[in-house]
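Let's take a walk through this two-chain assembly, beginning where the chains meet. Have the structure open beside you as you read.

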Amino acid sequence: MRETPLSNCERLFLLKAIEEKKRLDGRQAYDYRNIKITFGTDYGCCTVCLGKTRVLAQVSCELVPPKDSRPTEGIMFFNLELSSMASPGFQPSRQSELLVTLNRQLERCLRNSKCIDTESLCVVSGEKVWQIRVDVHVLNHDGNLMDAASIAAISALCHFRRPDVAIQGRDITVFSPEERDPVPLSIYHMPICVSFAFFQQGTYLLVDPCEKEELVMDGLLVIAMNKHREICSVQSSGGIMLLKDQVIRCSKIASVKVSEITELINKALENDRQVRKEGGKFGFAESIPKERITALKREQAPVEMKDIEETADEIVREAEAPSEAVHSPVIVATGTGQVGEGLQNTWGLEEEDAEEEFQGGMDGKEKKKDEVMVISDSEEEEVVILKPEAQKSKSRRPKN
Amino acid sequence: MAGLELLSDQGYRLDGRRAAELRKVQARMGVFAQADGSAYIEQGNTRALAVVYGPHEVRGSRSKTLHDRAVINCQYSMATFSTAERKRRPHGDRKSSEMSLHLKQTFEAAVLTQLYPRSQIDIYVKILQSDGGNYSACVNAATLALVDAGIPMRDYVCACTAGFVEDTPLADLCHAEESGGGTTLALALLPRSENIALVQMDARLHQDHLDALMEAAMMACKGLSKVLDSVVRQHLQEVSVLTRE
């Protein structure tokens, strides 16, 4: 199914708001939405909620023969999938541009930056190495999938534990988690992507665009950095023209954001480790908030009811009279269909009408004002219309 | 590949160039008679061929038609014999799709698409020999092909790669330098206005070095634009001489 296109008035509204430095959800230009990182019961499973965007990453490992060109290094494999539940526009069969872009960006951010020590994944050189596979699934699309995916992927990699291996000559023994504790991966640094959306040919810049802002933007600049202020990847997309200073400025903003996000990831990892050590409950089921109403209790809230009648009358008196919205109300009785706007019939009677208007002038118009046109198929001759009379103010006395 | 020295003490690179020197560029326009525009470029050992068809009516799905602009359709492919090992999938894999997307975005920004509403411009690029700087060679070849086809553009689009070794930025990397593990920055620039159409960087680089690296890439692009300009003027001269007779 195709995605609902954005209407022109929505587009204009968003652009105007951005010009006045306002965003739909009230954020500042350089603010991120709320990031929530939760881990599952298995090692290597992580869900990231960036505002309403939700992404799930799972890491798994397997012993395989290595590549011929690199016999002493392990293999990293990344795969991102746009689940159909994320957005009505995502279809499983289509190889869309977005999918290719996200996959390639994730690969470049994590593989080329060498965040994981692939040499430590080697078991028997030339014969058996670990293949680490990261699968990222997009569960809900509300903009900025790239950042959410990169945070999820790196958190999952930090959380993952691979089985311990013992080598005796050529024999490899893989220990199950019960026999020996699984071993974490050796991660050098944590690259995190930060997305910048450009509007009005590069005049305005927003960090972490939501879905509506993404539909309106001119182009996107994704900078992946780690907390040591090293840039891991830069990618501009969309047909925007950038200046060198803009890119430098974005990299400075990105370094600030990345250090904040890295702190958050470390805290989440630490929390999870604590909970597991203490033997408490962990996993997704625990972290999803139970939005269930278990009791309805309202406190007695005192309301000022003194002199309410006088104040109400005053307000009514000082208020302006409502403007006459409809000159001649057209009432459609129940059971009638109608095509058109219900204005006066202008078919073929134009000449007569014109004459009438010319002669009648104001009289005719005044008459039309009072007259109420009723369109109805009912065969009743007389139609009674109830006019709203001036109601006597019924005051409510508070129950004492 | 730790033993490979990308920059020697005297300041010479693997192929004997200086740090900011570009590779030798040779280009030809009007290589194919059938196409509206075509060009062939050699940057060192990297050879790329670009062919432009258009502007013509939108073929295939009519739904792609834009009412106020032309649609640019790019396809990037590598010949199977272009790399050291035979390439099994010349096009359709993720890297080629990504390259095609990037080329499309670069040229959508540079070509004056408003002049051709409801039409399509096809750009096909093929790498015949790959020795680093694939994207740059494609962009330069496509620029020349568009000029050959007579399609109006804002400015020449010049692309170049740059790398960083021991605090020295290198311009125009070859394959060995790219895969040596250092930083690679690919930049597509419109030289006169200094607008960057596309910037792409892989591998780690400290934030403070970004400025120097981008500056080196921009200087290389400007140098390249002069070369492309001279190629275009020479081609025009040749063609006008032939038609006069």
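## Where the chains touch

In this predicted model, 38 residues of chain A are in contact with 32 residues of chain B. Put together, the two chains bury about 3100 Å² between them, and carbon and sulfur atoms carry 53% of that area. If you would like some side chains to look at, try B:Arg94, B:Arg204 and B:Gln207: within chain B they lose the most area to chain A, together 25% of what that side buries.

What kinds of residues does chain B bring to this interface, by class? Its side has 14 nonpolar, eight polar and 10 charged residues.

## Salt bridges and polar contacts

Charged pairs are well worth a look here, with eight salt bridges found across the interface of chain B and chain A. One of the salt bridges links A:Lys244 to B:Glu215, with the closest N and O atoms 2.4 Å apart. There are also 15 residue pairs in polar contact between the two chains, counting pairs with both residues at pLDDT 80 or more.

Three elements of chain B each supply at least two residues of the side that touches chain A: helix α1 (94-110), strand β9 (195-206) and helix α4 (210-244). Of these, β9(B) gives the largest share, 12 residues.

## A sheet shared by both chains

Now follow β9(B) across to the other chain. Strand β14 of chain A (residues 230-237) is joined to β9(B) by five bridges, and the two strands run antiparallel. Two facing pairs help you find your bearings: A:Ile231 stands opposite B:Leu205, and A:Gln235 stands opposite B:Gln200.

This pairing belongs to an open sheet of eight strands with antiparallel pairing, in the order β12(A)-β11(A)-β13(A)-β14(A)-β9(B)-β8(B)-β6(B)-β7(B). Which strands sit at the edges, pairing on one side only? They are β12 (204-207) of chain A and β7 (168-171) of chain B. On average, neighbouring strands in the sheet are turned by 25° against each other, direction ignored. Helix α4(B) packs on the sheet, where it touches β14 of chain A as well as β6 (158-165), β7, β8 (183-190) and β9 of chain B. The direction of α4(B) makes about 145° with that of β6(B).

## The chain A hairpin

At the chain A end of the strand order you will find β12(A) beside β11(A). Strand β11 of chain A (residues 192-199) is joined to β12(A) by four bridges, again antiparallel; here A:Phe196 has A:Val207 as its bridge partner. The two strands form a hairpin with four residues between them.

## Two backbone details

Two spots in the backbone deserve a closer look. Most residues other than glycine have a negative phi, and most peptide bonds are trans.

Which residue has a positive phi although it is not a glycine? A:Gln200 does, at about 50°, and it lies in the loop between β11 and β12 of chain A. That places A:Gln200 in the turn of the hairpin.

The other spot is in chain B, where a cis peptide bond joins B:Gly54 and B:Pro55, with omega about -10°. B:Pro55 lies in strand β3 of chain B, residues 46-57.

Definitions and conventions. Residues are numbered from 1 along each chain as its sequence is written. Chains are lettered from A and ligands numbered from 1 in the order in which they are written. This is a predicted model: local features need pLDDT of at least 70, side-chain atom pairs count only at pLDDT 80 or more; totals for chains, interfaces and linings use all residues. Side-chain values use heavy atoms; hydrogens and water are left out. Contact means heavy atoms within 4.5 Å. Buried area is the accessible area (1.4 Å probe) that two parts lose on being put together, summed over both. A salt bridge is a side-chain nitrogen of Lys or Arg within 4 Å of a carboxyl oxygen of Asp or Glu. A polar contact is a pair of N or O atoms within 3.5 Å; within protein, one must be able to donate a hydrogen and the other to accept it, and residues adjacent in sequence count only if both atoms are side-chain atoms. Ala, Val, Leu, Ile, Met, Phe, Trp, Tyr, Cys and Pro count as nonpolar, Asp, Glu, Lys and Arg as charged, and the others, Gly among them, as polar. Two strands pair if DSSP finds at least two bridges between them. Axes are lines fitted to C-alpha atoms, for helices over the stretch in contact, and angles run from 0 to 180 degrees between N-to-C directions.
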